[in-house]
Amino acid sequence: MSGDIDGKIFVGKSISGDGGKPEYLTLRLANRHGLATGATGTGKTVTLQTLAEGFSRAGVPVFAADIKGDLSGIAMPGEGQEWIVKRCTEIGIDYEPDEFPVIFWDLFGEQGHPVRATVSEMGPLLLARLLNLNEVQEGVLNVVFRIADEQGLLLLDLKDLRALLAFVAENASKLTTTYGNVSPATVGAIQRSLLVLENQGADKFFGEPALKISDLMRVDPRSGYGTISLLAADKLMGAPQLYASFLLWLLSELFEELPEVGDPDKPKVVFFFDEAHLLFDEAPKALLQKVEQVVRLIRSKGVGVYFVTQNPLDVPESVLAQLGNRVQHALRAFTPRDQKAVKAAADTFRPNPALNTAQVITELGKGEALVSMLEGNGTPSMVERTLIAPPAGRVGPISPELRKVAIAQSPVRNVYDETLDRESAYEILTKRAADAAPPEAPAAPANTPAPTQAGAAAGGGWLDGILGGILGTPSRGRMSVGEQVTRQVAREVTNQVTKAILRNVLGGARRR
């Protein structure tokens, strides 16, 4: 867009004051994070796309979760729809369609390249949340990870974790003396939770090749635009704990891998987390502390994190305090909670004497927002009622055919598409069990006659063998008619002799 200038992203034009003024997001302050909120249908997704395009145009890689598929159009040039051209005229810029380098990702491998992480990389804290474990179960899970480390057992996929859980259950009494109480019943509860997780498709997420963070930080060599990575999340929303755990894992990996850079001229990468409330719903205190720590410290790694959600109350205050750049779309005050949300949103902005912020929030039209960006030395600007600039890429979803073409032309094609299954905990523990199993009993010699079922049932199996040998009856194999008759005679003789012996023995006993 012609409204962009060096070092800034054009967000829109304010309509308060004398003629309004352009509103910009300063790139060197973009790693101070941000928040975009508003009710459904107020334009949050279009605002997200406008910001993502601005970062990409500045050479900053972007990662965004595409909840409804609406962001996929960013991979195609804009079409200059009537409402887009009209909005450009209203804010005084020329409409220039553009296209951006996009990589499609999907945890299930259906609408993009598969995204995988190993069980070890996820770690016991996030995995416990993913499995919805209680404190006791989480403690046992920590024991499992400890044993894996001490015995050099790689936990790559879910079958590795299952195998190690089974090993811990079998050796619970021995392990209790070293690691504290390890109950087989608790291990069983974890295994059941694991089964539920597998039924949600998480077995496709855990494994190798694991996602390389560097593949989310690509810059297109031809255009110089930052690559936009879109995670297909429409199906993933059916497993909200998996979605939230994946996003938190991604932040943790960035925090661990990236070096300290202070405040760069522009971010190294920017993340947009849509439906952000899922990150915090029912999250245990330890996890919330981890999220707060990562959000607070990751900006020094040059990473900007932007939460997108309907209500500012969805984000804990400790995290909300770290989000400097704000875009607030309309909120509806139908209920007491809605009214509280409106007041909370209004109170987070730097006041503007010309605006009744709380009132304006409920009056905003589609594509309008209250905007306050960091400026100067990091001070929030006064809140302004702003017309948001339209995207330069296509607005709305693209067809499955166009998505397939983009995937086929992706710079990471063939890197993640095939699953790698190397030796890990499952294979090692299976081999150990096989080596420890007792040897099987040797098979009987082939020429040893087997007692017949009839003879054994009559109690005369030994006589049947003797008489069979005398009469020449074969013990196995196909028999002629004569041989069958001979064998039948042997059986009858055996039965008669056996009965006679038993009568004599029992009769003598009774006489005695």
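1. Let's begin with a term: two strands count as paired if DSSP finds at least two bridges between them. With that in hand, look at strand S1 (residues 8-14) and S14: three bridges join these two strands, which run antiparallel. One residue to find here is Gly-12, whose bridge partner in S14 is Ile-388. Please keep in mind as you look around that this is a predicted model.

2. Now step back to the sheet that S1 and S14 belong to. Twelve strands make up this open sheet, and the pairing is mixed. Try tracing the order on screen: S2-S1-S14-S11-S10-S3-S9-S8-S4-S7-S5-S6. Which strands are at the edges? They are S2 and strand S6 (113-114), each of which pairs on one side only.

3. Here is the overall picture. The chain contains 18 helices and 14 strands. It has 512 residues, and buried ones make up 50% of them. About 24,500 Å² of the chain is exposed, with carbon and sulfur atoms supplying 53% of that area. If you take the contacts between residues at least 6 apart in sequence, 76% of them join residues at least 24 apart.

4. On to the inside. The largest nonpolar core has 86 residues, and those with the most contacts inside it are Leu-127, Phe-206, Phe-246 and Phe-307. Which helix gives the most to this core? Helix H8 (residues 240-257) does, with eleven residues. Apart from this core lies another one, of 35 residues, including Phe-100, Phe-272, Tyr-306 and Ile-398.

5. Phe-307 is a nice residue to click on. Setting aside neighbours within four places in sequence, Phe-307 is in contact with Gly-34, Leu-35, Ala-36, Phe-273, Ala-276, Leu-279, Phe-280, Val-295, Val-319 and Leu-323.

6. Leu-71 is worth a visit too. You will find Leu-71 in the loop between strand S4 (62-66) and helix H2 (82-91). Is this loop residue buried or exposed? Buried means under 20% relative accessible area, and Leu-71 has 4%, so it counts as buried. Beyond the neighbours within four places in sequence, the contacts of Leu-71 are Thr-45, Leu-48, Gln-49, Ala-64, Ala-65, Asp-66 and Leu-230. For Gln-49, the C-alpha to C-alpha distance to Leu-71 is 6.7 Å, although 22 residues separate the two in sequence.

7. Next come the charged pairs: the structure holds 20 salt bridges. One of them is between Arg-32 and Asp-263, whose closest N and O atoms are 3.3 Å apart. This pair links distant parts of the chain, 231 residues apart: Arg-32 is in the loop between strand S2 (22-26) and strand S3 (34-37), while Asp-263 is in the loop between H8 and strand S8 (269-274). Asp-263 is partly exposed, with a relative accessible area of 43%.

8. Glu-368 and Arg-385 form another salt bridge, with 2.8 Å between the closest N and O atoms. Because Glu-368 lies in strand S11 (residues 368-372) and Arg-385 in strand S14 (residues 384-388), the pair ties together parts that are 17 residues apart in sequence. Both Glu-368 and Arg-385 are buried. Elsewhere, salt bridges that share partners join Arg-32, Asp-263 and Arg-299 into one network.

9. A last pair to compare: the side chains of Arg-222 and Asp-220 meet in a salt bridge at 4.0 Å, N to O. Arg-222 is exposed, with a relative accessible area of 78%, whereas Asp-220 is buried, at 14%.

Definitions and conventions:
Residues are numbered from 1 along each chain as its sequence is written. This is a predicted model: local features need pLDDT of at least 70, side-chain atom pairs count only at pLDDT 80 or more; totals for chains, interfaces and linings use all residues. Side-chain values use heavy atoms; hydrogens and water are left out. A nonpolar core is a set of buried Ala, Val, Leu, Ile, Met, Phe, Trp, Tyr and Cys residues joined through side-chain atoms within 4.5 Å. Buried means under 20% relative accessible area, exposed over 50%, partly exposed in between (1.4 Å probe, protein chains only). Helices (H or I, at least four residues) and strands (E, at least two) are DSSP runs, numbered from the N terminus. Contact means heavy atoms within 4.5 Å. Accessible areas come from the Shrake-Rupley method with a 1.4 Å probe; for residues, only the protein chains shown count as cover.
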